[in-house]
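Q: I have a structure in front of me and do not know how to read it. Can we go through some features one at a time?

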Amino acid sequence: MEIADIGSIDALPAGTLVIADVSEPPSAYRLDIAIRQASARQLGGLVFPAALLPALTSQNLASRGGVPVLQAPGRSASDLAVAIDRMVNSQAADVLARARFAMERVRAAAAGTSENPLDTVLAAAGEALGGRVELTTDPQVDWAADSAVFIGEVPRGRLVFEPAGQDGCAGDDAAGLALPGIASVVSKVLLREVQHRFAPRRTSAELIAQLVVAESARVESLADQAYRLGFPLQLSHVVAWVEFTDPGDTSRHPPRAMQSALELYALELFESREELWHIAFIHDDALLVSSESPGNGDHQRRLREVAAGIADHAQVLTGGRWESTVGLGTPQMGAAGLRQSAAEARIAAETAIASGRIGRIEATDATGLKRVLLDFYASPISRELLEDLLHPLDSLDPRKTETAVRTLLAYLSHRNSPAKAARELLLHPNAVSYRMRKITKALQLDLDDPDTRFAVELACRVRLLGAKTH
């Protein structure tokens with residue numbers, strides 16, 4: 001083995017492994033010449049401490065001449081020489097034996113009944129390799145990285161080895177071989193531990209999600225299931241609804257891996273809290289539920305703190321690409337109260353997004369018109385009756401439907417005055433009159449009747465409050 005300039009390799013003896021003394025990739029012409037000379041001298045191979053993109057001619061020359069051409073970008077020629085020498089000298093057998101021994105010890109530790117299986121596995125690995133093996137946290141570690149540790153599909157971090165004593169070189173080499181396998185065992189150990197710790201809470205969370213979205217006829221049976229599982233529905237519940245948005249492309253759906261990582265983060269966070277907490281996912285949105293004894297003060301404030309932490313962690317997981325908009329419901333009791341708080345939270349989040357306040361935390365106002373509308377929206381029967389009034393407008397595309405509803409609401413809010421509605425909508429009165437003729441024809445309703453006018457205005461307000469687009 002020699003470190004040599006590629007212009008002088010024609011003087012090296014046959015069988016020599018040449019480590020090219022270069023800091024930059026050679027030109028295609030110089031690489032072709034070096035391969036020709038290596039083939040003529042029957043050298044053992046060429047190793048370049050730089051990233052190569054060999055041309056087709058270079059590849060053909062190396063193949064025909066039987067010359068291995070290797071690359072190790074990011075390493076100096078001298079470091080490569082030391083590493084290669086270590087791997088081919090008498091330590092190689094010791095390195096392989098130590099790596100194999102480490103894997104045997106790790107598997108035995110993982111199969112044991114220790115109360116702290118992760119610490120036991122890492123201690124066994126370190127003892128076998130002659131040093132210390134640690135798990136460093138890295139929520140953005142790539143799944144293909146060396147010694148990466150995942151819990152299911154959730155990135156946890158990577159294993160690092162710190163040698164001890166005088167045999168650091170052999171320990172380093174053995175660790176380089178064994179750590180990927182040890183990382184796989186550690187990943188399985190952590191997954192088994194998480195499944196054991198959080199299985200009951202995940203089951204309850206799935207039931208909560210069903211309870212929130214179910215039709216009224218199923219609420220009673222789902223409540224019975226909750227009681228059988230031990231979930232205390234009789235407590236006071238407050239809900240946070242979290243919607244994830246990519247500001248650069250609002251049509252994108254959040255990655256599934258982000259949901260899994262957030263769920264694990266939240267479950268571990270909940271263990272340090274005194275309240276009873278759950279996290280569930282409904283389609284692309286997250287649902288946080290905090291349950292306490294009735295009458296405890298600042299219930300919504302504590303929910304806000306936890307929701308803010310989870311929203312911040314979502315940004316860390318995605319490198320700041322995704323924004324989390326959080327809606328907070330009000331504390332409510334029982335199964336119906338849980339559904340009510342969830343409806344309030346969802347509408348608060350959707351209203352914030354629709355009005356351009358992406359990435360904010362919005363609390364439901366416990367008083368005023370919006371609360372009355374939320375009560376209507378939370379009732380499936382009331383919501384369906386109001387939706388039926390506007391259903392003829394849904395034959396339009398979503399954007400035109402929303403425009404029609406906003407025009408209708410402005411017209412009714414100003415006592416059927418096209419001129420006043422036009423000022424609100426920044427339109428000409430003739431444009432409002434033209435739109436209203438089409439809307440009235442589609443609805444087939446008498447908008448001069450006070451009761452009808454009130455019902456339609458209420459339907460418009462609930463529609464615009466409860467949906468981003470229709």
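A: Start with the sheet, and keep in mind that this is a predicted model. An open sheet of 4 strands is present, in the order β1-β2-β3-β4, and the pairing is parallel.

Q: Which strands stand at the edges of the sheet?

A: The edges are taken by β1 (2-4) and β4 (69-71). Each has a single partner strand, so one side of each is left without a neighbour in the sheet. From one strand to the next, the twist averages 30°.

Q: How many bridges join β3 to β4?

A: Strand β3 (residues 45-48) is joined to β4 by 3 bridges, and the two run parallel. For one residue of β3, look at Val47: the bridge partner of Val47 in β4 is Leu70.

Q: How do I read the sides of a helix?

A: An α-helix has 3.6 residues a turn, so residues three or four places apart point the same way. Take helix α15 (residues 429-443) as the case: at 1.5 Å a residue, the 15 residues should span 21 Å, and the end C-alpha atoms are 21 Å apart, which agrees. The buried residues of α15 are Val432, Met436, Ile439 and Leu443. These cover an arc of only 65° around the axis, which puts them on the same side of α15.

Q: Which exposed residues does the face of α15 turned away from the buried side carry?

A: That face carries Asn430, Arg437, Lys438 and Lys441.

Q: What should I look for in the backbone angle phi?

A: Most residues other than glycine have a negative phi, and most peptide bonds are trans. Positive values are therefore worth picking out, given that general rule. Gln42 has a positive phi, near 55°. Gln42 sits in the loop between α1 (28-41) and β3. With a relative accessible area of 61%, Gln42 is exposed. Phi of Leu426 is also positive, near 60°, and Leu426 lies in the loop between α14 (418-425) and α15. Leu426 counts as exposed, at 75% relative accessibility. Finally, Gln444, which follows α15, has a positive phi near 55°.

Q: Which residues touch the most other members of the largest nonpolar core?

A: That core has 57 residues, and those that touch the most other members are Leu129, Leu159, Ile182, Val186, Phe270 and Leu288. Helix α6 (residues 168-213) gives the most to this core, with 12 residues. Another core lies apart from it, with 24 residues, including Leu211, Ala214, Leu222 and Val239. To see contacts around one residue, take Val186: leaving aside residues up to four places away in sequence, Val186 touches Leu118, Val121, Leu122, Val149 and Leu159.

Q: Is Phe244 buried or exposed?

A: Phe244 lies in strand β8 (residues 236-245). A residue is buried under 20% relative accessible area, and Phe244, at 8% relative accessibility, therefore counts as buried. Outside residues up to four places away in sequence, the contacts of Phe244 include Pro254, Met258, Leu262, Ala314 and Trp322.

Q: How do I compare distance in sequence with distance in space?

A: Give both for a pair. Phe244 and Trp322 are 78 residues apart in sequence and 6.3 Å apart in space, C-alpha to C-alpha. For another pair, Arg301 and Asp5, the separation is 296 residues in sequence and 69 Å in space, again C-alpha to C-alpha. Arg301 is found in helix α9 (residues 299-317), and at 39% relative accessibility Arg301 counts as partly exposed.

Terms used: Residues numbered from 1 in each chain as written. Predicted model: local features only at pLDDT ≥ 70, side-chain atom pairs only at ≥ 80, totals over all residues. Heavy atoms only, no water. Expected span 1.5 Å × (residues − 1). Buried < 20%, exposed > 50% of the residue type's maximum accessible area, 1.4 Å probe, protein only. Arc of directions from axis to C-beta. Core = buried A, V, L, I, M, F, W, Y, C linked by side-chain atoms within 4.5 Å. Contact = heavy atoms within 4.5 Å. Pairing = 2+ DSSP bridges. Axes fitted to C-alpha atoms, helices over the stretch in contact; angles between N-to-C directions.
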